[in-house]
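Please look at the sequence and the 3D model shown here, and keep both in view while reading.

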Amino acid sequence: QLVTAAVDIVGEINPLALTMNQAVDAISRCLIQKAAGLLHPSKLFVTGGVDTLTLLALVKHVGLPCQLLDYEHFEYDKFTNQNIIDLRKQHWAYNQIHHWREPTTLISGAYGDEFLFRGPHNIALWAAWHDIDLIQLLKSATGYHVGYFCKPENEVIFRQAFNQRADIKAAYPTYTDLVRKIIDTNANDFQHCHLGNTITWTPFKDPELTKIVLRLNQQDLLDHILDATVNRQIIARLYPIALNLLSATKNQDSRQYLHMLNDI
């Protein structure tokens, strides 16, 4: 006899607002607790992006044994020799993963955009629900994400959501409904994978982090959307020198300051 059970992966949603300091405190504590359970020496590829630098600050803060990489590393074994071409065709994440033949933990910034609420799809939904026209906002805005969000493919996402805001508000009439939709979207976003003896550790893949960020007031959340302020303050709190490596714009000239990595 088949027995099924439903599991609520979202859990309780707290509608009470948090200040930026409270949110940064809560997320920092969560990440530190996660890192404390990572017992094995690990590796981190530092990209110059805000998520890997948040993880750099984390491992430095907790004193986690971790080799910092500023280069792509891929060792071939029997499985990867036979399958990596097909894997890379089937899933984009295999074009970005590193690989070692020996058992290795690779710390990954994957899911940071999504679970720390900086991904265009969820931002478009949230903004439309709040009657915020991101296209207009971006015209005069500055910040880490602005250039990335102004790409044509992202502007299409923002414009479509804003034009459909009445339907969005009808589909998700309450704050709780909106948060549940955002978390459900994240839960079905599959990104990083393990490969052979290389195990990826993705501490940002946690709906509790999303819930914390979404409790910020509207202006603080907009600031974070534009300039990754939550990440910046976490880094400043845990290991501020890592901010020196942050590129000016997401996914553009991300290596511009990585020549200083050896000084970190």
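The paragraphs below go through one helix, then some aromatic rings, then a single valine.

The model is predicted. Start with helix H8, which covers residues 152-163. At 1.5 Å a residue, its twelve residues should span 16 Å, and the end C-alpha atoms are indeed 16 Å apart, so the two values agree. Which residues of H8 are buried? They are Asn 154, Ile 157, Phe 158, Ala 161 and Phe 162. Seen down the helix axis, these buried residues fall within an arc of 125°, so they line one face of H8. Pro 152 and Asn 163, on the other side, are exposed. The cover over the buried residues of H8 includes helices H5, H6, H7 and H9.

Next come the aromatic rings. The structure holds five aromatic pairs. In one of them, Phe 117 and Trp 126 have ring centres 6.2 Å apart and planes at 80°; an angle over 60 degrees counts as edge-to-face, so this pair is edge-to-face. Phe 117 has a relative accessibility of 0% and Trp 126 one of 5%; buried means under 20%, so both are buried. The rings of Tyr 148 and Phe 149 have centres 5.6 Å apart and planes at 45°, so that pair is tilted. Tyr 148 and Phe 149 form one aromatic cluster with Phe 158, a buried residue of H8. Phe 162, also buried in H8, has Arg 165 over its ring face, at 3.9 Å from the ring centre.

Last is Val 213, in helix H11. Val 213 is buried, with a relative accessible area of 0%. Among the residues it touches are Phe 117 and Leu 221. The C-alpha atoms of Val 213 and Ala 23 are 6.5 Å apart, although 190 residues separate them along the chain.

Definitions and conventions: Residues numbered from 1 in each chain as written. Predicted model: local features only at pLDDT ≥ 70, side-chain atom pairs only at ≥ 80, totals over all residues. Heavy atoms only, no water. Helix = DSSP H or I, 4+ residues; strand = E, 2+ residues; numbered from the N terminus. Buried < 20%, exposed > 50% of the residue type's maximum accessible area, 1.4 Å probe, protein only. Contact = heavy atoms within 4.5 Å. Expected span 1.5 Å × (residues − 1). Arc of directions from axis to C-beta. Phe/Tyr/Trp six-rings, centres within 6.5 Å; stacked < 30°, edge-to-face > 60°. Lys NZ or Arg CZ within 6 Å of the ring centre and 35° of its normal. Lists of a residue's contacts leave out its neighbours within four places in sequence.
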